[in-house]
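Got your viewer open? Let's walk through this one together, one selection at a time.

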Amino acid sequence: MKANQTVLKEFILVGFSSYPHVRPFLFVLFFGLYLLTLTGNLAILGLTWADRSLHTPMYLFLRALSFSETCYTLTIIPKMLADLLTEKRSISVPGCGLQMCFFLGLGGTHCIILTLMGYDRFLAICHPLRYPLLMTNVVCGHLVVSAWAGGFLISVTETALIFGGSFCTPNLIHHFFCHMRAVVRLSCLDSDLTELLVTMISVSGLTGTFLLIVTTYVFILSTVFRIPSAEGKQKAFSTCASHLTVVIVHFGFAAIVYLKPEGSGGDDTLIAVPYTVITPFLSPLIFSLRNRDMKNAFRK
C-alpha cells in the first residue's frame with residue numbers, strides 16, 4: 001500500500017467536505033466564535049497591561065496565557081475558515097509542517113502556563129508570607145520564557161519525527177488542519193511506530209502537567225480546609241475558581257482528542273472542534289466573568 005513513494009508538494013485537507021450542506025452555517029458559527037475569542041483575549045491583554053493594579057504575577061501569567069491562546073487560534077482557525085468557503089483546500093508540505101509545529105508548540109506552552117498558574121496559587125495560599133519573595137515579576141517572566149521553550153522543544157521533536165521521511169499518495173489529510181495523527185499515517189516509513197512515539201510524547205506532556213496541577217490543588221485544599229473562618233475559605237477558593245474551571249475544560253477536551261483509542265469510531269474532525277474552537281472561546285470568558293479584579297479594571 002505504501003510502495004507508491006512520490007515527492008509530494010502539497011496535502012489536501014479533507015476537513016468538513018463530508019458536510020457540504022452545513023459548511024456555510026459552520027463558517028458563520030466558527031467565525032463568530034473566533035471574533036469573540038480574539039476580543040476576549042485582546043481585552044485581557046489590554047486590561048492587564050493598562051491597569052497597574054494587575055501588574056502582579058497572577059495576571060502576568062494570565063496575560064501570557066491569553067497571548068499564547070491568541071497565537072494558537074491564529075495557526076488553525078483562519079485557514080479552517082478559508083477552507084470552508086472554497087473547494088481547493090490544499091496546504092504545502094512545509095506549510096503543513098509549520099502549522100503542526102506551532103499548533104503543538106503553543107498547545108504545550110498553554111499546558112505549562114496553566115501548570116505555572118496552579119503553582120502560583122499554591123505559593124500564594126500555602127506560603128503567603130514568603131510569596132512576595134518567591135514569586136516576583138522577574139521570576140514570573142523567567143517561568144513564562146521556560147514554558148515557551150519547553151512547549152516548542154516538544155513540538156520541534158514531534159514535527160521532526162513526522163516530517164523526517166517521505167510521504168506516500170494519496171495526499172489526503174482527513175482533518176481540517178495538519179493534525180499529527182492524520183499526517184503521520186501518510187508517511188512512507190513505519191507510520192505505526194512514529195504515530196506511537198509522537199502520541200506517547202503528547203500524552204506524557206498532557207498527563208504530566210495535569211498531574212502537577214492536581215498535586216498543587218491537593219496542597220491548596222489541605223491548606224484551605226485548615227482556615228477557621230468560612231469567609232477566609234471562600235476568599236481562598238475564589239482566587240482558584242477561574243483557573244480550575246479552565247483546567248477542567250482544557251484538559252477534558254484534550255483528553256478526548258489525544259486519548260481516543262484507535263478504531264473507537266467517531267469523526268476525528270468533529271472531535272477536534274471543541275479543543276481547537278470551543279476551549280479558546282471559553283477560556284477568556286471564564287477568566288473575565290469569574291474574576292472580580294478583571295471586572296473592576298474593565299469598569300475603570
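Which side chain meets that of Lys300 in a salt bridge? Select Lys300 and look for Asp51: their side chains form the bridge, with N and O 3.2 Å apart. Keep in mind as you go that you are looking at a predicted model.

**Stop 1: the salt bridges**

Stay with that pair for a moment. Lys300 sits in the segment after α10 (292-299), while Asp51 belongs to the loop between α1 (23-50) and α2 (57-84), so the bridge ties together parts that are 249 residues apart in sequence. Now switch on a surface. Is Asp51 buried or exposed? Asp51 counts as buried, because its relative accessibility is 13% and the cut-off for buried is under 20%. Its partner Lys300 is exposed, with a relative accessible area of 74%.

How many salt bridges does a search of the whole structure find? The search turns up four, and we'll visit two others.

Select Asp83 and Lys79 next. They form a salt bridge whose closest N and O atoms are 3.3 Å apart. Both residues lie in helix α2, four residues apart, which is about one turn of the helix. Asp83 is buried at 8% relative accessibility, and Lys79 is partly exposed at 24%.

Then jump to Glu195 and Arg185, where the closest N and O atoms of another salt bridge are 3.4 Å apart. You'll find Glu195 in helix α7 (residues 191-224) and Arg185 in the loop between α6 (180-184) and α7, with their positions 10 residues apart in sequence. Glu195 is buried, with a relative accessible area of 10%. Arg185 is partly exposed, at 32%.

**Stop 2: the sheet**

Switch to a cartoon view and select residues 10-13, which make up strand β1. Which strands does the sheet hold, and in what order? The order is β2-β1-β3, in an open sheet of three strands with mixed pairing. The edge strands, β2 (90-92) and β3 (172-173), each pair on one side only.

Look at how the neighbours line up. β1 and β3 run parallel and are joined by two bridges; on that side, Leu13 stands opposite Ile173 in β3. Now bring in helix α3 (residues 93-126), which packs on the sheet and touches β1, β2 and β3. The direction of α3 makes about 85° with that of β2.

Back to β1 and its other neighbour: β1 and β2 pair in the antiparallel sense, over three bridges. Here Glu10 stands opposite Ser92 in β2.

Show the side chains of β1 as sticks. In a regular strand, side chains alternate between the two faces of the sheet. Which side chains of β1 point to the face where they are buried? Those are Phe11 and Leu13, whereas Glu10 and Ile12 point to the other face and are not buried.

**Stop 3: a helix with a kink**

Select residues 230-258 to bring up helix α8. This helix has 29 residues and reaches 40 Å from its first C-alpha to its last, close to the 42 Å expected at 1.5 Å a residue. Where is the kink in α8 centred? Go to Cys240: the bend there is about 40°. Cys240 is also one of the buried residues of α8. Others to colour include Ala241, His243, Val246, His250, Phe251 and Tyr258.

**Stop 4: two threonines**

Start with Thr37, which lies in helix α1. Thr37 counts as buried, at 3% relative accessibility. What does Thr37 touch, leaving out residues up to four places away in sequence? Select Thr73, Pro280, Phe281 and Pro284 to see its contacts.

Finish on Thr207, found in helix α7. Thr207 is partly exposed, with a relative accessible area of 36%. For a last click, draw a distance from the C-alpha of Thr207 to that of Cys111: the two are 10.0 Å apart in space and 96 residues apart in sequence.

Definitions and conventions
Residues are numbered from 1 along each chain as its sequence is written. This is a predicted model: local features need pLDDT of at least 70, side-chain atom pairs count only at pLDDT 80 or more; totals for chains, interfaces and linings use all residues. Side-chain values use heavy atoms; hydrogens and water are left out. Two strands pair if DSSP finds at least two bridges between them. Contact means heavy atoms within 4.5 Å. Axes are lines fitted to C-alpha atoms, for helices over the stretch in contact, and angles run from 0 to 180 degrees between N-to-C directions. Buried means under 20% relative accessible area, exposed over 50%, partly exposed in between (1.4 Å probe, protein chains only). The expected span of a helix is 1.5 Å times one less than its number of residues. The bend at a residue is the angle between axes fitted to the seven residues ending there and the seven starting there.
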